[in-house]
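Visitor: Please take me through the nonpolar core of this chain. I would like a close look at that one part, and then at what surrounds it.

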Amino acid sequence: MIHPLLLHNGHIRPSTELCVSPGQVGLMNGWGVFSTIKIVDGVLFAFDHHWARMHRDAGLLRVPFPWKPVELEEMLLTLVEANRALNATLRVSVVRNQGTMWAGPATKLDVDLIAFTADRNAWGGDARLMIVPNARFAAGPFAGTKILSWAMNLVWYEDAHRAGFDEALLLNERSEISECTSANVFAVKGGTVTTPPLSSGCLPGVTRELLVEEIRVPGIKLEERALTLADLETADGIFITSSTRDLLGVHSIEGLSIRTEERVRTALQEAFTAYERAYVERAGRRANCAGTVS
């Protein structure tokens, strides 16, 4: 459940207040981009990575994205403060308003910026995955974009829960592992951790990006390579990642026999937590310095 207040075009409003209209073509057609950000001690963790992905996806989808990183971050932090959501989750969406014969007269803005916060989800200690074939089209020009047209992911996620699973493991048109509905996938084999490349059709998740590009643990190598279901059966362990889950171990996968070794995932989680803590501390120091100057 979202918190009582939301951010709409720079203004804090009650979440019960009607502030959108049917004539917003992005609202009716899923024409827009979004991101889900972890709030840690009042800091938008890895915000620079989230902004960069939203900016890239907005350009691909012809969605205006006029905010510089600092400008958008400051607006979102007003919502965090208003809801007192210092350790929570934030969802920010950019909705295109203009275009097509179905555009309405209610707004003259090119886009709406909408954000809301919610308590963190309790994901449990591990995950059980259902398999969905042909769920990602890796060759498509919009593969890997985080767009508002998200209903298919919600259906697969709901189907997984109805079938007694926690998440859905999505395969692409080549029967390769792509991702989950809202998480990336990693397989451990010895000291090597492998995740599907972006060419698999997976979303370039922020947690995935940090693990591949910035987190370093002695004796552990991270690589991008195509993975199959057979690769998962020969792995020592499997985990999934997202901004709200961090690194969550996989307990079982529909129809597969897998191992659940946790040593490598635990070491990476510890390194990731240390990275997050350092990021939050740096952000806090920057905020204090800015307050001193003003």
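Guide: In this predicted model, the largest nonpolar core has 51 residues. Leu 72, Leu 76, Leu 90, Val 94, Val 193 and Leu 268 touch the most other members. Helix 7, residues 263–293, gives the most to this core, with eight residues. Apart from this core lies another one, of 19 residues. Ala 127, Leu 171, Val 185 and Ala 235 are among its members. In soluble globular proteins, nonpolar side chains tend to be buried together.

Take Val 193 as a way in. Leaving out residues up to four places away in sequence, Val 193 touches Phe 186, Ala 187, Val 188, Ile 220, Lys 221, Leu 222, Glu 223, Phe 239, Val 264 and Leu 268. Val 193 falls in strand 11 (192–195). One of its contacts, Ala 187, stands opposite Ile 238 in strand 13. Strand 10, residues 184–189, pairs with strand 13 in the antiparallel sense, over five bridges.

Now the sheet. Eight strands form an open sheet with mixed pairing, in the order 9-8-7-14-13-10-11-12. Strand 9 (177–180) and strand 12 (221–224) each have a single partner strand, so one side of each has no neighbour in the sheet. On average, neighbouring strands are turned by 40 degrees against each other, direction ignored.

Two helices pack on this sheet. Helix 4, residues 151–162, touches strand 7 and strand 8 (167–172). The direction of helix 4 makes about 135 degrees with that of strand 7. Helix 5, residues 206–213, touches strand 10, strand 11, strand 12, strand 13 and strand 14. The direction of helix 5 makes about 120 degrees with that of strand 13.

Two arginines are worth a stop. Arg 245 lies in the loop between strand 13 (237–242) and strand 14 (246–253). Its relative accessibility is 8%, so Arg 245 counts as buried: the cut-off is under 20%. The side chain of Arg 245 makes a polar contact with the side chain of Glu 167, at 3.1 Å. Beyond its neighbours within four places in sequence, Arg 245 is in contact with Trp 123, Tyr 157, Glu 167, Ser 182, Ala 183 and Ile 240.

Arg 128 sits in strand 7, residues 126–136. This arginine is partly exposed, with a relative accessible area of 35%. A polar atom of the Arg 128 side chain lies 3.2 Å from the backbone oxygen of Gly 164. With neighbours within four places in sequence set aside, the contacts of Arg 128 are Gly 164, Phe 165, Asp 166, Glu 167, His 251 and Ser 252. Glu 167 is thus in contact with Arg 128 and with Arg 245. Arg 128 and Glu 254 are 126 residues apart in sequence, but 7.8 Å apart in space, C-alpha to C-alpha.

Step back to the whole chain. There are seven helices and 14 strands. The radius of gyration is 20 Å, close to the 19 Å that the globule rule gives for 294 residues, so the chain is as compact as a globular protein of that length. Along the principal axes, the C-alpha atoms fill a box of roughly 55 × 50 × 30 Å. Of the 294 residues, 51% count as buried. Among contacts with a separation of 6 or more, 71% join residues 24 or more positions apart.

Note on methods. Residues are numbered from 1 along each chain as its sequence is written. This is a predicted model: local features need pLDDT of at least 70, side-chain atom pairs count only at pLDDT 80 or more; totals for chains, interfaces and linings use all residues. Side-chain values use heavy atoms; hydrogens and water are left out. Helices (H or I, at least four residues) and strands (E, at least two) are DSSP runs, numbered from the N terminus. Buried means under 20% relative accessible area, exposed over 50%, partly exposed in between (1.4 Å probe, protein chains only). A polar contact is a pair of N or O atoms within 3.5 Å; within protein, one must be able to donate a hydrogen and the other to accept it, and residues adjacent in sequence count only if both atoms are side-chain atoms. Contact means heavy atoms within 4.5 Å. A nonpolar core is a set of buried Ala, Val, Leu, Ile, Met, Phe, Trp, Tyr and Cys residues joined through side-chain atoms within 4.5 Å. Two strands pair if DSSP finds at least two bridges between them. Axes are lines fitted to C-alpha atoms, for helices over the stretch in contact, and angles run from 0 to 180 degrees between N-to-C directions. The radius of gyration is taken over C-alpha atoms; the globule rule is 2.2 Å times the number of residues to the power 0.38.
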